[in-house]
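Student: I would like to learn how to read the place where two chains meet. Could you take me through it step by step?

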Amino acid sequence: MIPGLSNLNFRRHGYVPLLCIIVLTLLLIIALFPEQIAPYAQNKRFLPYMDPDNAHLLGTDDMGYDILTLLVYATRISLTIGFFAGGLSLLIGTATGILSGYLRGWVDDMIMGITDITLIIPKIPAIILIAAYVRPGIWILILVLGLLSWETTARVVRAKTMQISNAGFIMSARCLGFPSRSIIIQEIIPVIYPVILPKFMLTIAGAMISEASLSFLGLSDPMMESWGKMISDAFTHGGFIREMWWWFLPPTLCICISVLAVTRLGMMYETDEQEIVSE
Amino acid sequence: MRPFLQGSIFLFRKLIRYSCSFGIIVLLVFLLPRMMPGDPVANLVGEDIYLTDETKETLRAALGLDSPLHEQFVLYSIHLLHLDLGYSYHMHGAVSDILADRAGWTLLYIGISIIIGTCTGIYLGARAGFEHETWWSSLISSLALIISSTPPYLLSLIAMVIFVYHLGWFPFKGFYDTFHILSIIHHLTLPVLILSVFYAARNVLIMRGTVLSEKIQLYPLFARSLGIPERRILIRHIRKNAIIPLIALIALDFGFLFSGALFIEIVFSLNGMGSLMYDAILNRDYPVLTGTFLVIAIFVICANFIADILSLALDPRTRSHP
């Protein structure tokens, strides 16, 4: 189970978080088993520009692919990029944040200096520039997105670590002679995860938005059929001007709904955290 | 005198950090074309263009590509200091001239949107945070959440389908038909509206949060006990304090907003920096691409520096404890 899910309190949060979890679970199932869910094989082609009917619930695109099938297969790619890029930036951010909050001194000064410096670099233009030179596959994209989005996590984690590192239980662990490594893993991380989780959610959302934007510019892997790529195809191949809403609206809605669900879940943890602090 | 001194130290430290950021950005722009596989000349002047071997050799000599990396970097920095961003063989012009031509339009429409977006965002967010138990407050914040988690280019694509293709209220490309103020307003209304809505949505969320946390402090309670009307507590006391964190956040957000604006430009085919970047990507016109990136970075850094000065002017606490 996801830690912290047990303190889901429906009276306080309403039923929206539950809805978000259901949506994300559904997307996860679609991403894991696209072969069973998609109506056709991925590379099967039909007549192009067909209107929706019973055989093709969402019609076909300019190349004659079934749009519902594309949509189902795209889920895996969009979610993979979001979660792995989010995970990478979570790892870097948490590690640097804890190190600089726990060790302080010159380590802190240096890490925070680097954080401040990277924070200013405009992310999406930088990713565009790198992608234009590298023409990335999915893993390079994840790497770049992860490497450019860890700073806010690092800042928040650092502040929280500083706040708790003078607390009694950390002090006693230090006095008992536990090594720093085990103090960090066993004492600090369990306490600060409510701060990490919302940041993780927000970076996932950010990575998904960046991926959608990049593929809209035609800069992600050309073989990679993500939601953003579908919208980009609809934009460049006349889906919008013909008002073929069944082509561009489903991927748009998918992006919006998944980003919204992830963000909303993250915000739930954030409000929890604020309430704990103010109590 | 002392607060002034501390203020300048604060700004000076910020300035050092910003110069480091800019240094890294320049380094990135410098290293990318030279480290990538393939001919660095092709990486530097762009692909998809035909150059004779003779031209390539002169270019190689002019760019100093045969000398060691650090000498190349010195040469490159000198070029940058002379505002020489390279020459675009696709557009047949110096990149700095092309950019100077385009940047004004982009700044114009981003500037208008920032003003509209900040004012409505602060107003709505403050009201929504102050009266957070009402139904319209939760309506505003959910709407703001939905809008701010939609990529701006999707917002503009949807708006384009509805207002341009379906209803035909607005023209679908360019800044103007004839160079006349009415025509410009007609063309800019929809992009400015979308960018402002997006901008306002993010501000509403931040402002609502800060007002909520300021509201439970003691000073609004004290003001209420003095019998000051609620509206005046909000405007005179709470909003002043809540705006300060907003300024820093807006500045940090500026890069994200700027890229959002670039995407909106692409959708509406406005001839600003966004479309310039898009064309450069399609044509692999690397000098224009790197030049645009550098200019965007400069804008973002300037915005952050202005925000630092603003927060210094508005918040006495930063003056006494830098």
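Tutor: We shall go through the interface first and the cysteines afterwards. This is a predicted model, in which local features need pLDDT of at least 70 and side-chain atom pairs count only at pLDDT 80 or more, while totals for chains, interfaces and linings use all residues. Residues are numbered from 1 along each chain as written, chains are lettered from A in the order written, and side-chain values use heavy atoms, without hydrogens and water.

Student: How many residues of chain A and chain B are in contact?

Tutor: Contact means heavy atoms within 4.5 Å; here 41 residues of chain A are in contact with 45 residues of chain B.

Student: What is the area buried between chain A and chain B?

Tutor: Buried area is the accessible area (1.4 Å probe) that two parts lose on being put together, summed over both. Between chain A and chain B this is about 4,100 Å², and carbon and sulfur atoms give 81% of that area. On the chain A side, A:Ile120, A:Leu129 and A:Tyr133 supply 19% of what chain A buries against chain B, more than any other three residues.

Student: Which residue forms a salt bridge with B:Arg17?

Tutor: A salt bridge is a side-chain nitrogen of Lys or Arg within 4 Å of a carboxyl oxygen of Asp or Glu. The partner is A:Asp116, with the closest N and O atoms 2.4 Å apart, and the count between the two chains is one.

Student: How many disulfides are there over all chains?

Tutor: A disulfide is a pair of cysteine sulfur atoms within 2.5 Å, and the count is zero over all chains. For A:Cys256, the nearest cysteine sulfur, that of A:Cys254, is 9.3 Å away.
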